[in-house]
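Okay, thanks for coming, everyone. Let me put the structure up so we can walk through it together.

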Amino acid sequence: MSKKKLSIIIIGVVICVAALSAVLVMVKGKKEKTIDIGKSSGETDEQSYWNPDIHSIAKSEEGYYFLTYDVDGTTLKYFDDATQRTIAVCAKPDCTHDNSDCNAFFSMDYLSSPVYYYKGYIYMVRVDAGMAKVVRIQKDGSKREDVADLFANDGVTSISMVFHDDCIYAYDHLGHTASDEVGKEVIKKIDLRTGQSEEAFSYEGKNAAISGARSFGDKLFFKILTYSLDRDKGEINESFLLYCYDYGTGDAQVISDKNISDYYVDAENGVLFYFVIGKGLYSRKLNETDSSLLYKADETIVRATMSYDGNYLYMSNGGAGSATDYSKKIERKIFVLKTDGTVVNTIALDKNSGTAYFGDEKYMFFAKTGGELVYIDKNNILGDCEFKKAESN
């Protein structure tokens with residue numbers, strides 16, 4: 001098995017257990033705390049609606065960049081919103097886009113995930129002599145330049161990034177989850193204009209990792225995951241701390257320790273939506289402390305990953321039939337809900353549907369094995385949703 005395929009398996013396990021507590025409270029024994037996330041700079045730049053730790057697709061002004069991969073390397077492609085067709089990101093005249101001379105081709109030195117788009121540039125990660133580096137790429141693939149070092153890495157696709165105010169906030173979302181020794185988890189802040197970096201946040205603990213970071217307004221939300229596996233029982237044990245980092249002051253504080261599998265913030269209306277494992281979907285105003293149960297968990301959804309597109313909430317059960325034993329599988333579904341918790345559609349998924357990225361107000365994207373892109377046009381999100389393959393020009 002190749003290193004990249006193995007890394008995808010590892011990441012899949014960790015992301016399944018990765019959950020964000022999102023009831024904005026103080027740590028145990030203290031009173032609940034309200035929070036002000038300030039003014040949002042717009043999701044086109046920060047893209048908080050994407051699956052934060054499997055970021056193999058990125059939105060640009062008129063389309064979407066995404067990655068496909070095979071045993072030879074990774075190919076950068078572009079899904080055009082107007083034509084709903086894909087092309088290789090290469091402007092070379094007469095290029096056939098089928099060899100290593102193509103600008104869209106990236107060698108095995110580049111991780112098969114992530115890819116980001118921010119203020120006119122594409123960003124990917126490559127590994128050089130055991131060090132992961134963030135690389136800035138022209139929109140047509142014609143030029144690549146290293147921006148800064150990230151973390152030590154041996155080719156595992158474990159690097160996640162959040163973009164805000166011309167800076168990158170980067171972390172390794174696998175961290176030390178496989179180690180019983182105390183490790184240091186770090187969020188590194190990188191200035192895109194100078195390439196200079198500094199430590200924005202650090203945490204020390206056993207079997208821990210930083211993951212699930214999203215940016216809303218002037219705050220960065222992220223979690224500390226502590227993970228362990230009981231091999232005899234086949235059960236996963238996990239605990240979570242949700243942090244909120246203030247971009248302006250650099251201060252970070254624990255705001256929740258709830259057992260929440262995922263969350264989303266409606267920044268425009270100041271509402272937090274979150275799914276508590278085994279209990280259900282909740283909402284609350286960010287500037288209030290009372291919460292409401294919107295949808296009760298049952299045997300079809302004991303935990304969820306979530307997204308919100310400004311119109312509807314989306315919850316995927318991930319095929320998980322147990323909160324602790326991931327070998328117990330159920331039919332994969334995505335639930336489409338109004339913000340009051342009313343289910344308006346369910347979308348059945350099979351093993352060929354791939355990883356759900358959810359998407360924006362226009363599309364719901366999925367990446368099949370090998371990176372092949374399929375999508376649902378949200379114009380018919382309340383009807384019989386059709387999975388379409390992103391065809392090439």
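Let's start with a small one: which residue in β9 does K133 stand opposite? That would be D149. Before I go on, keep in mind that this is a predicted model.

So, those two strands. β8 covers residues 131-137 and β9 covers residues 144-152, and they pair antiparallel through six bridges. Together they make a hairpin, with six residues in between. Have a look at G141 in that turn: its phi is positive, about 80°.

Moving along the chain, there's an open sheet built from four strands. Going across, the order is β10-β11-β12-β13, with antiparallel pairing. Why do β10 and β13 each have one side without a neighbour in the sheet? Because β10, residues 159-164, and β13, residues 197-206, sit at the edges, and each has a single partner strand. From one strand to the next, the twist averages 20°.

Inside that sheet, let's look at β11 and β12. Residues 167-172 make up β11, residues 182-191 make up β12, and four bridges link the two antiparallel strands. If you want a pair to click on, try Y169, whose bridge partner in β12 is K189.

Okay, zooming out. Over the whole protein we've got 29 strands and two helices. There are 393 residues, and 54% of them count as buried. Take the contacts with a separation of 6 or more: 49% of those are between residues 24 or more positions apart. As for the surface, the protein exposes about 17200 Å², and 45% of that comes from carbon and sulfur atoms.

That's my tour, thanks.

Conventions:
Residues are numbered from 1 along each chain as its sequence is written. This is a predicted model: local features need pLDDT of at least 70, side-chain atom pairs count only at pLDDT 80 or more; totals for chains, interfaces and linings use all residues. Side-chain values use heavy atoms; hydrogens and water are left out. Two strands pair if DSSP finds at least two bridges between them. Axes are lines fitted to C-alpha atoms, for helices over the stretch in contact, and angles run from 0 to 180 degrees between N-to-C directions. Buried means under 20% relative accessible area, exposed over 50%, partly exposed in between (1.4 Å probe, protein chains only). Contact means heavy atoms within 4.5 Å. Accessible areas come from the Shrake-Rupley method with a 1.4 Å probe; for residues, only the protein chains shown count as cover.
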